[in-house]
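Please load the model in your viewer with a cartoon representation and residue selection enabled. The tour proceeds by selections, each followed by what is found there.

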Amino acid sequence: MALNPPTGKTTEPQGVQDTLAALKSRAEGLSTGEVRERLGRFGPNTLAEHRQSRLLALLGYFWGPIPWMIEVAALLSAVVRDWADLAIILVLLVFNAAVGFWQEYQAGNAVEQLKKKLALKARVRRDGCWSLIEARDLVPGDIVRVRLGEVIPADLTLIEGDFLSIDQSALTGESLPVDKGLGELAYSGSAVKQGEMIGVVTATGMHTYFGKTARLVGEAKTVSHFQKAILAIGDYLVYLALALVGVLFLVGLHRHWPLLELAQFALILTVASIPVAMPAVLSVTMAMGALVLSRMKAIVSRLESIEEMAGMDVLCSDKTGTLTLNQLTLGEPVRFAAADDEALILAAALASKEEDGDAIDLAVLQGIRDPAALAGLRQERFVPFDPVRKRTEAIVNDDAGNRFHVAKGAPQVIEELCRPGEEDRARLTQVVADLAAKGYRTLGVARSEDGHSWRFLGILPLFDPPREDAAETLAEADRHGIRVKMVTGDNQAIAVQIAERLGLGGNFLPADRLALGEGSGPEVAAREQVERADGFAQVFPEHKFGIVKSLQADGHLVGMTGDGVNDAPALKQADVGIAVSGATDAARSAAALVLTAPGLGVIIGAVEEARRIFGRMNAYAIYRIAETIRIMIFMVLTMLIYNFYPITAVMIILLALLNDLPIMAIAKDNTWLDPSPVRWDMKRVLTLASVLGGIGVLETFLLLILAESWLGLSQPLLQTVLFLKLVVAGHLTLLVARTRGCFWAPPYPAAVLLAAILATQTAGVVFAGLGLFMTPIPWSYIGFIWAYCLAWLFVEDFAKRLVYAHLDTRGPRHRRFLDIARRPLFGHWHRGRGR
């Protein structure tokens with residue numbers, strides 16, 4: 001939806017009386033009857049929100065494709081009365097639900113945070129009398145008084161009084177207070193910093209500019225790529241398992257196998273095949289990553305955003321406070337009558353008052369190189385800035401008893417105060433124009449000995465300087481394949497000036513020229529503009545929202561930084577909404593990532609960690625699919641060809657436990673850092689997993705032939721041999737899946753992962769060697785199985801590199817992987833940074 005950007009001017013140019021007439025109001029206020037009728041027609045002055053029972057929210061995590069998959073597995077375990085397996089599956093189900101519910105609870109309700117910004121009380125005139133009422137009871141046409149320290153309770157058109165200075169930074173992102181006068185609009189949620197005025201309510205609740213921002217928050221929706229990937233993998237495995245079990249069941253019926261035994265085995269095989277632990281393993285991986293990110297001053301409020309962050313290729317960054325210091329700083333002074341730069345800055349400092357906390361005054365005071373210069377000078381009288389006079393003024397006494405006046409303010413105001421000659425006027429105009437073109441704000445400074453005859457001392461440029469690390473951080477983002485687009489509410493000149501300092505391009509678009517959402521023709525053209533632009537100036541909330549949606553429509557994973565209420569819709573719509581340090585509660589609630597340290601450097605660190613986390617999840621997905629293919633196809637083919645169960649039902653359960661539960665240690669594995677954005681590529685994942693799984697079927701079948709035909713083992717011994725082979729080969733396959741290059745090259749497996757693999761391998765050897773739950777086999781057979789699996793490990797690793805070389809068919813990456821695949825088997829391969 002589109003919002004009308006706040007121009008500051010009312011839409012009724014006919015004057016105050018015409019404004020009142022259009023709203024059917026009057027100076028003495030509405031009557032009680034009119035208020036009752038309008039309250040019924042327009043509703044309360046509150047933000048609409050949807051509340052859901054926490055119990056229902058929790059139960060929702062037990063409903064959906066992924067929970068169904070786990071619940072079916074639990075049901076099948078109950079049917080065959082496998083209570084231990086049932087307990088483990090239920091723990092996984094509850095764990096997944098608890099993780100998801102906690103993350104949603106932590107994220108909070110963004111609309112609730114927006115509500116906290118609204119005024120709670122309002123001073124209103126009704127029936128000719130002033131009274132204090134709940135702000136929720138205001139209606140259009142009410143006459144309201146606002147003054148210093150109050151929050152504006154609804155959208156108002158100002159109809160009486162001198163001026164208001166209001167802070168609307170939470171709405172529009174403007175860093176300095178904005179001056180308002182008669183006939184201008186003041187927005188709900190803004191805070192009054194100076195002045196007192198009376199206004200007429202023009203909009204309430206969801207119809208205010210503030211309310212429309214809240215509505216955008218509610219409309220913002222993104223679909224998690226993580227959920228899509230989990231569903232795609234789950235569908236692939238479930239359909240494969242059901243198809244193979246169906247074939248097995250039909251053949252078993254044809255061969256007159258015992259029906260109950262066949263049904264039990266088919267159900268257990270299905271349970272073992274469904275990746276019940278996969279959502280939990282991936283959730284734990286992301287949760288462990290979230291803990292790492294929190295130590296990097298980045299708090300994750302939505303776990304899935306970690307995966308989105310790994311694939312983020314466009315970052316729309318706020319200028320103020322993120323790329324800049326959000327601190328006005330003096331530029332190079334331009335002298336007129338001042339003796340030197342220090343004298344010019346000193347005069348401006350004497351016309352300032354530190355305790356007032358004004359941003360401009362503080363910038364001037366910080367510009368004094370020698371604070372001792374202020375010693376011996378005392379302000380006898382100080383007149384603060386107001387929108388009518390547009391300057392500050394002070395009377396100063398020194399230790400020698402001299403008394404003089406100083407003033408600072410808008411250059412044109414100080415010019416009129418001093419009335420310089422034509423040459424100085426022309427120079428002043430040119431200097432101000434040149435500085436404005438470079439994005440500087442300017443202050444004129446003057447001095448008078450008697451308060452009547454003023455001298456124009458010079459001009460002080462003011463600007464918000466870039467952060468010291470901003471340029472390097474942007475270069476680092478570029479090296480990581482992330483294009484940064486600056487988004488600012490400032491004008492185009494300021495945006496371009498900062499962009500030049502930071503090394504960004506100069507193609508900046510005023511956001512109001514973008515025609516997003518206005519039909520297929522304009523929208524396509526606007527999307528092309530958004531794609532090419534280096535940044536956007538004069539941006540309002542609906543522009544940010546539209547920019548994010550436009551980039552997403554072009555296939556980008558978009559990050560958006562923000563700190564104000566105005567940023568909340570775009571933060572929620574973005575794939576990775578990032579609330580920067582010092583952000584409002586509304587922005588934090590809408591964001592997926594909350595920074596507690598300033599600057600973009602934290603984001604780059606978070607992206608690197610997210611890519612490592614993604615690498616772990618990708619490795620596990622490949623491993624788990626390969627294992628399912630290996631076990632399912634081997635089991636079914638063996639039963640079809642050899643007409644016996646290659647492993648028992650108990651062995652299947654043990655195999656499932658040994659394969660899945662310890663593998664949660666992958667959450668702490670070292671992994672390769674991809675220099676480019678990464679996403680789930682199901683073709684790549686399923687192809688590689690299928691190849692590894694197919695090789696696993698081949699090697700297991702070959703071992704079966706050797707053991708059955710050459711060694712002549714009995715069926716119980718054969719089952720133990722095959723069980724141990726599947727256990728040993730399983731985690732060795734993980735060592736192959738976790739890297740793109742040779743499995744023995746850096747980054748090396750983490751100690752905790754190696755310990756988990758060693759523990760499961762030891763358990764498998766103990767079961768087979770001592771005959772726990774199965775017939776024992778000689779230790780010489782165990783040694784032979786280990787040697788056999790290690791030999792096939794190198795075959796799988798070489799096949800993996802050939803698959804990557806085949807899949808990467810374009811550009812330098814293709815050539816790189818071809819080189820990898822063609823290297824000698826024991827050649828060293830290392831790319832990127834391990835951790």
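What follows is a walk across one sheet and then to the helices beside it.

**The sheet as a whole.** Please bear in mind throughout that this is a predicted model. Begin by selecting the strands of the open sheet, of which there are 8, in the order E8-E22-E21-E20-E9-E17-E19-E18. The pairing among these strands is mixed. Strand E8 (298-300) and strand E18 (508-510) form the edges, each pairing on one side only. From one strand to the next, the twist averages 20 degrees. As general background, the strands of a sheet pair through backbone hydrogen bonds, in either the parallel or the antiparallel sense.

**Strand E21 and its neighbours.** Next, select residues 576-579, which make up strand E21. Are the residues on its two faces buried or exposed? Both faces are covered: Val576 and Ile578 are buried on one side, and Gly577 and Ala579 are buried on the other. Add strand E20 (residues 558-562), which pairs with E21 in the parallel sense over 4 bridges. Within this pairing, Gly559 has Val576 of E21 as its bridge partner. Then add strand E22 (residues 593-595), which runs parallel to E21 and is joined to it by 2 bridges. Here Leu593 in E22 is the residue opposite Ile578.

**A helix across this part of the sheet.** Display helix H12 (residues 304-311). Helix H12 lies across E8, E21 and E22, and runs at about 100 degrees to E21.

**Strands E9 and E17.** Move to strand E9 (residues 314-318) and strand E17 (residues 483-487), which run parallel and are joined by 5 bridges. Asp318 has Val487 in E17 as its bridge partner. Now select helix H18 (residues 492-502), which packs on the sheet and touches E17, E18 and strand E19 (535-537). The direction of H18 makes about 165 degrees with that of E18.

**Helix H17.** Finally, select residues 470-479, helix H17, and highlight its buried residues Ala470, Thr473, Leu474 and Ala477. Why do these residues lie on the same side of H17? They do so because they cover an arc of only 100 degrees around the axis. In general, an α-helix has 3.6 residues a turn, so residues three or four places apart point the same way. To see what the buried residues of H17 pack against, show E17, H18 and helix H23 (601-642). The last stop is Gly481, just after H17, which takes a positive phi of about 80 degrees.

Definitions and conventions:
Residues numbered from 1 in each chain as written. Predicted model: local features only at pLDDT ≥ 70, side-chain atom pairs only at ≥ 80, totals over all residues. Heavy atoms only, no water. Buried < 20%, exposed > 50% of the residue type's maximum accessible area, 1.4 Å probe, protein only. Pairing = 2+ DSSP bridges. Axes fitted to C-alpha atoms, helices over the stretch in contact; angles between N-to-C directions. Contact = heavy atoms within 4.5 Å. Arc of directions from axis to C-beta.
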